[in-house]
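Work through the following exercises with the structure at hand, and try each task before reading its solution.

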Amino acid sequence: MMRFLLLFSRQGKLRLQKWFTPISEREKKKIIRDMTTMVLARQPRSCNFLHWKDLKIIYKRYASLFFCLAIENQENELIALEVIHRYVELLDKYFGNVCELDIIFNFEKAYFILDEFLMGGEIQETSKQMVNRSIEASDMLQEDDSSEWFEVELFG
Amino acid sequence: MPAPIRLRELIRTIRTARTQAEEREMIQKECAAIRSSFREEDNTYRCRNVAKLLYMHMLGYPAHFGQLECLKLIASQKFTDKRIGYLGAMLLLDERQDVHLLMTNCIKNDLNHSTQYVQGLALCTLGCMGSSEMCRDLAGEVEKLLKTSNSYLRKKAALCAVHVIRKVPELMEMFLPATKNLLSEKNHGVLHTSVVLLTEMCERSPDMLAHFRKNEKLVPQLVRILKNLIMSGYSPEHDVSGISDPFLQVRILRLLRILGKSDDDSSEAMNDILAQVATNTETSKNVGNAILYETVLTIMDIKSESGLRVLAINILGRFLLNNDKNIRYVALTSLLKTVQTDHNAVQRHRSTIVDCLKDLDVSIKRRAMELSFALVNGNNIRGMMKELLYFLDSCDPEFKADCASGVFLAAEKYAPSKRWHIDTIMRVLTTAGSYVRDDSVPNLIQLITNSVEMHAYTVQRLYKALLDDISQQPLVQVASWCIGEYGDLLVSGQCEEEEPIQVTEDEVLDVLEGLLVSNLSTPVTRGYSLTAIMKLSTRFSSVNRIKKVVSIYGSSIDVELQQRAVEYNALFKKYDHMRPALLERMPIMEKSASNGPTEIVQTNGETEPSVVEPKHLPPVTQPVNQANDLLDLLGGNDVVPVIQNTMPTKPASAGGELLDLLGDLSLSAIPPMTAYNKNGLKIDFTFERANPNPNIAVITIHASNSTEADMTDFVFQAAVPKTFQLQLLSPSSNVVPALNQGTVTQVIRVLNPQKQQLRMRIKLTYTLKGSPVQDLAEVNNFPPQSWQ
């Protein structure tokens with residue numbers, strides 16, 4: 001399973017944190033510090049995999065954001081890279097040419113999208129369209145909050 | 001009260017702060033506003049306020065006062081509130097918080113909500129961070145949803161079930177019926193999460209694994225699904241760079257791995273599909289390689305036929321040539337795992353692996369180094385060593401220590417000749433000399449001593465190396481030691497292996513004295529060279545020069561050097577007749593087991609090794625000890641005396657507490673006893689009665705060690721029956737010295753008000769020659785006086 005996913009800028013400012021196991025606040029802060037230090041210190045064209053304690057750290061830089069995903073030792077690193085890429089694609093579709101500012105100002109949406117893609121450290125949905133549709137439908141529900149509920153049909 | 005500012009407004013404001021202090025001020029102001037808003041129980045803006053709080057939490061500020069507000073949001077009817085409420089719960093309300101459980105009821109209601117997106121929120125929250133109690137309470141709801149026809153909910157329920165099983169493994173059984181037709185779904189989301197669920201169950205329970213293999217015929221089902229994925233045409237919904245749903249493919253391959261492991265039938269049933277995936281998958285992009293990687297791992301783990309295994313290793317071999325660093329890294333890691341089992345197949349790729357030593361990427365270099373060492377064998381040792389030594393020359397400092405150790409190990413195992421071995425060692429010492437581990441020095445000394453025919457050659461080469469460079473301490477230490485031992489061979493020009501050099505006694509002494517005065521030499525190195533000079537007094541004729549040097553260092557500031565010099569002086573003056581015997585050539589040393597650094601202590605090389613070979617022990621330690629008032633460091637074999645309780649008697653405090661124990665020194669007539677004697681460890685008990693409280697027995701344990709090696713990390717633990725009370729004080733040390741050279745003592749106080757017969761269970765743990773040892777024993781032979 002995946003243990004945590006962090007997004008941070010090149011200056012080390014945290015933009016998103018998703019933890020898949022219960023960890024104390026203090027431990028979280030320490031992990032964030034360790035990750036940002038380790039990843040930001042890497043040479044530009046190094047391989048995207050690191051070892052940290054008993055976990056594998058997969059990181060990739062997209063524009064000004066670093067995506068840092070920690071997986072357990074028996075997981076497949078190459079597919080983890082694809083997981084990161086898929087999340088970026090989902091964000092890109094939703095925000096239209098996503099950039100760091102989108103994620104800063106709409107962090108809750110970034111979480112909502114993540115929660116339709118991953119859950120409990122595993123992939124929940126492998127189809128981009130399904131994730132997008134769920135998010136769109138949920139957004140519509142939000143808009144209609146003043147009126148009563150209505151069912152939104154999803155295909156399939 | 002004006003409406004609280006919007007989230008985006010707050011974010012914009014905070015981002016304008018130019019200093020940390022400014023930011024903190026803004027945040028504090030906003031937090032105060034939010035707090036009062038919470039106090040007023042404002043329903044309209046609660047959602048907005050919590051969202052702002054979550055933003056500030058991400059910046060690192062405390063947000064715990066928002067926890068209860070999240071609960072209120074979750075309980076609200078509005079979807080917007082629920083969405084933010086659940087998000088807040090996932091960020092702020094993990095199972096360590098007290099109020100975590102309060103969510104249970106809300107989640108339960110929402111799991112049964114009429115809107116699937118609300119149900120989805122509840123499932124997601126439960127599946128990400130539900131505590132064990134929550135999982136127990138709500139497992140039934142999850143199980144129900146696992147059977148629904150709504151695929152949106154079914155996939156979430158499956159992952160929720162995975163989480164429940166991880167938290168409360170005993171609940172696994174209840175999900176078994178619902179898994180029956182999970183794999184007949186067409187929806188990929190459900191398929192993927194179902195495979196994850198099945199994987200979790202199979203990994204956790206061998207019974208489940210057997211059940212799924214036999215009764216459910218899981219393997220054929222998975223094979224069919226995988227085949228469809230590969231053979232089906234372009235599917236826009238699941239396509240990634242021309243491959244259909246790679247995530248699902250990888251997960252299926254992983255489940256197949258678990259099913260096929262150690263099972264012939266299952267392995268056979270999946271042979272074809274594995275071969276198909278391995279040969280048909282597109283390798284131009286990372287996705288394809290990810291699938292191939294998983295396939296290789298599966299092939300290597302199950303009972304695959306040899307053709308398939310060779311195919312797998314060849315895929316890894318191709319990976320090694322891939323431009324993509326990640327692929328190369330992954331290949332090296334996998335080859336490292338398989339090198340033990342499929343050694344020959346991996347050997348075929350040896351040259352590619354060795355080329356990776358020259359890669360620019362640090363992680364790849366490290367893996368390549370580890371793999372190269374694993375591939376060294378008797379046939380390729382010369383070629384491999386050439387490459388590895390070249391690598392040692394040019395690699396980063398972080399690698400040098402490991403590489404040097406690896407070279408030594410490999411050389412020891414496969415050296416084709418003694419000369420080659422010594423040459424290799426010389427090469428390492430001269431190129432990476434400052435990075436070799438401390439224990440290399442004694443190991444090398446032992447190796448050199450035992451290669452009798454190479455002594456002349458070795459000492460000559462080492463001498464020449466010293467002339468070049470005296471900065472690398474391990475090299476200098478080994479060289480000093482050798483010159484001390486074999487200096488006579490050096491000056492006599494006896495070398496057979498290469499052209500003997502002409503060197504005089506004075507030149508040799510110049511070099512050794514140079515080491516003594518050089519700033520580059522560490523104290524340890526100086527010790528080595530002083531001793532070497534001393535040894536040469538029996539091998540060279542310029543004894544007067546040596547006497548002079550030794551006497552100068554008798555007043556050295558360095559205590560270690562001073563002591564040696566004074567003792568050597570004494571040797572010259574009073575014990576000159578013993579000097580030749582003392583300083584004669586070192587005998588061949590028996591290698592102590594496995595990985596031992598031998599008992600040679602780094603700091604001196606003269607009489608310490610005699611501890612290893614008792615029969616060669618020159619009978620000198622006694623006179624040297626008597627000769628002067630120096631600290632008794634040489635051959636100290638003293639027994640630490642029993643801890644005496646020297647306090648005068650005091651009147652007993654009321655209640656006679658154990659801690660108040662200041663009994664008198666009556667070494668009463670209770671005889672000592674041996675409590676334990678096994679595998680070289682002997683533990684004796686001696687007794688004192690603590691007056692005036694006769695209910696308290698003070699036992700001192702004495703642990704001694706008759707084996708050849710020290711017992712380190714020694715821990716003594718004791719337990720007594722319930723009617724007694726026990727207090728263990730700190731031990732004198734954690735190391736029980738070898739060959740009975742010392743004891744570890746520890747005091748036990750036992751309160752025995754009921755005057756019952758004293759019994760004790762003891763547990764001993766220690767490390768001997770690198771392996772941990774543990775033993776339990778019962779002590780029943782207490783003398784009656786100790787408890788009557």
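**Exercise 1. Two helices from two chains**

Task: In this predicted model, find which residues of H5(A) meet which residues of H5(B), and describe how the two helices are placed.

Solution: Begin with the residues themselves: on the side of H5(A), the contact is made by A:Ile135, A:Ser138, A:Asp139, A:Leu141 and A:Gln142, and on the side of H5(B) these meet B:Phe79, B:Thr80 and B:Arg83. Sorted by class, the contact of H5(A) with H5(B) has 3 nonpolar, 3 polar and 2 charged residues. The next step is the geometry, since two packed helices are described by the angle between their axes and the distance between the axes. Helix H5 of chain A covers residues 128–143 and helix H5 of chain B covers residues 79–92; their axes come within 8 Å and cross at roughly 125 degrees. An angle that lies neither under 35, nor over 145, nor from 65 to 115 degrees counts as oblique, and H5(A) and H5(B) are therefore oblique to each other.

**Exercise 2. A lysine in the same helix of chain B**

Task: Decide whether B:Lys82 is buried or exposed, and list what B:Lys82 touches.

Solution: First locate the residue, which is found in helix H5 of chain B. Then compare its accessibility with the cut-off: buried means under 20% relative accessible area, and B:Lys82, at 3% relative accessibility, therefore counts as buried. Finally, leaving out residues up to four places away in sequence, B:Lys82 touches B:Leu73, B:Ile74, B:Ser76, B:Asp110, B:Val118 and B:Leu121.

**Exercise 3. Two leucine and isoleucine positions in chain B**

Task: Describe the surroundings of B:Leu7 and of B:Ile315, and relate distance in sequence to distance in space for each of them.

Solution: Take B:Leu7 to begin with, which lies in helix H1 of chain B, residues 7–15. With 8% relative accessibility, B:Leu7 counts as buried. When its neighbours within four places in sequence are left aside, B:Leu7 is in contact with A:Phe107 and A:Glu108 of chain A, as well as with B:Arg48, B:Ala51, B:Lys52 and B:Tyr55 of chain B. From C-alpha to C-alpha, B:Leu7 and B:Ser304 are 58 Å apart in space, and 297 residues separate them in sequence.

Now turn to B:Ile315, whose place is in helix H16 of chain B, residues 306–320. At 1% relative accessibility, B:Ile315 counts as buried. Apart from residues up to four places away in sequence, B:Ile315 touches B:Ala278, B:Leu292 and B:Val296. One of these partners, B:Leu292, is 23 residues away from B:Ile315 in sequence, while the C-alpha atoms of the two are 7.8 Å apart.

**Exercise 4. The sheet of chain A**

Task: Work out the strand order of the open sheet of 5 strands in chain A, and say which helix packs on the sheet.

Solution: Read across the sheet, the order is E2-E1-E5-E4-E3, and the pairing is antiparallel. At the edges are strand E2 (14–19) and strand E3 (49–52), each of which pairs on one side only. On average, and with direction ignored, neighbouring strands of this sheet are turned by 20 degrees against each other. Helix H1 of chain A (residues 25–40) packs on the sheet, where it touches E1, E2, E3, E4 and E5 of chain A, and its direction makes about 60 degrees with that of E1(A).

For a detail, follow E3(A) to strand E4 (residues 55–62) of chain A: the two run antiparallel and are joined by 4 bridges. A:Phe49 has A:Ile58 in E4(A) as its bridge partner. The hairpin of E3(A) and E4(A) has 2 residues between the strands, and A:Lys53 takes a positive phi near 50 degrees there.

**Exercise 5. A sheet of chain B**

Task: Find which strands stand at the edges of the open sheet with the order E6-E9-E10 in chain B.

Solution: The sheet has 3 strands with antiparallel pairing. Strand E6 (711–719) and strand E10 (771–779) stand at the edges with a single partner strand each, so one side of each is left without a neighbour in the sheet. The twist averages 15 degrees from one strand to the next. Strand E9 (residues 760–768) runs antiparallel to E10(B), with 9 bridges joining the two, and B:Met760 stands opposite B:Val779 in E10(B).

How values were computed:
Residues are numbered from 1 along each chain as its sequence is written. Chains are lettered from A and ligands numbered from 1 in the order in which they are written. This is a predicted model: local features need pLDDT of at least 70, side-chain atom pairs count only at pLDDT 80 or more; totals for chains, interfaces and linings use all residues. Side-chain values use heavy atoms; hydrogens and water are left out. Axes are lines fitted to C-alpha atoms, for helices over the stretch in contact, and angles run from 0 to 180 degrees between N-to-C directions. Contact means heavy atoms within 4.5 Å. Ala, Val, Leu, Ile, Met, Phe, Trp, Tyr, Cys and Pro count as nonpolar, Asp, Glu, Lys and Arg as charged, and the others, Gly among them, as polar. Two strands pair if DSSP finds at least two bridges between them. Buried means under 20% relative accessible area, exposed over 50%, partly exposed in between (1.4 Å probe, protein chains only).
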